[in-house]
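This report looks at the salt bridges of one protein chain. The sequence and structure are shown first.

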Amino acid sequence: MTNWLIYALGGGWGHLTRALSLGRIAATQTKVTIITNSPYAKILRNEGCLLHQISHELDFNATCEQVRQILLNTHYDCLIVDTFPRGLGGELADILPQLHKIPRILIHRDINPIYVTTKNLHSFVAANFDLTLVPGEGKNLPFCDLPNIQHTAPWLIRNRFELPNTTIARSHLLKVNHSAKIILVCAAGLNSELPFYSNLALELHEIFDNCAVRILAASCPPECPQDLWISHHPGIECLAAADVVVGGGGYNTVYECAAVGVPLVAFAFKRLYDRQHKRVSVVYPARNIADAVETLRKVLDRINTKMILSVPDYINGAVQAVRLIEGVLNVD
């Protein structure tokens, strides 16, 4: 059995969920270990993968040192790096050249081009990665001209056939036992954004009194009534049962809603490396709560209340990605 090591550092849900989407598919035939410093790691299912958790409370230098020790003192047959070619803190810059006998794969999510230019990442990726995978983010990305680039559909943590029946999901996951339209606020961003989402959910609950408003979050946001709060992972199982979702422009929120066919009203939150405004441009963008309310009115008017929701078929790019990685390993 081969051993895959996935580098998925990042303080939110996104990097870890994307790594689990890939790892759970591969874990049926190989051992998969994911390095993460996400504070949410303790409450997520490991999906058949091993999670090597680095405390999110460690300082920058201590985190980088732990990563170095893992990469230099662990046996693995393949290294997969999510988003940051040199590592989140640049700690991979001198390690990757030492791993020339181990296949190295980059997950190329959209990143800020200023970061790419400043760190001279184009030449670094060309020299240090055997395969670059784009998980559904299009072809207008910094490394898409490299010869080892491969594109897949977006990576999702559930295949279509794995989703629960939507009627059951409405009652058991979202706790809505009537036919009202469901507005689901997806609070999947930073902890510092929870008060915003809480205020948003309360306003929507008051304004759309003929709808069922729920807020999906790891912990109950401040001032939010317990009966509005849902804590469940993976979130795609909840999104698929909603009539409309309101959230940020993060990778998982945008592509999960697109896959299950649920309209998304999204805010573009500022991030250091991620460009949420690009993803938000292809859904229903909102600049503020008042803007979101107005957009929701229009979206809800177009939705027919359905006792049984139907989720369209979709392609899970994580399945494609596993086959592409296996192809590199078989060649080597």
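Are Asp82 and Arg18 buried or exposed? Both Asp82 and Arg18 are buried. The model they belong to is predicted.

## The Asp82–Arg18 pair

Asp82 and Arg18 form a salt bridge in which the closest N and O atoms lie 2.8 Å apart. This bridge links distant parts of the chain: Asp82 sits in strand β4 (residues 78-82) and Arg18 in helix α1 (residues 14-26), 64 residues apart.

## The Arg24–Glu47 pair and its network

A salt bridge also joins Arg24 to Glu47, with 3.3 Å between the closest N and O atoms. Here too distant parts of the chain are linked, since Arg24 belongs to helix α1 and Glu47 to the loop between β2 (31-36) and β3 (50-53), 23 residues apart. Both Arg24 and Glu47 are buried.

Arg24 and Glu47 are also members of a network of salt bridges, which links them with Arg158, Glu162 and Glu237.

## The Lys278–Asp110 pair

The side chains of Lys278 and Asp110 form a salt bridge with an N to O distance of 3.8 Å. Lys278 is in helix α9 (residues 276-280), and Asp110 is in the loop between β5 (104-107) and α3 (113-118); the pair links distant parts of the chain, 168 residues apart.

Asp110 has a relative accessibility of 3%, so Asp110 counts as buried. Lys278 has a relative accessible area of 28% and is therefore partly exposed, as the buried class ends at 20% and the exposed class begins over 50%.

## Total

The count comes to 15 salt bridges.

Conventions:
Residues numbered from 1 in each chain as written. Predicted model: local features only at pLDDT ≥ 70, side-chain atom pairs only at ≥ 80, totals over all residues. Heavy atoms only, no water. Salt bridge = Lys/Arg side-chain N within 4 Å of Asp/Glu carboxyl O. Helix = DSSP H or I, 4+ residues; strand = E, 2+ residues; numbered from the N terminus. Buried < 20%, exposed > 50% of the residue type's maximum accessible area, 1.4 Å probe, protein only.
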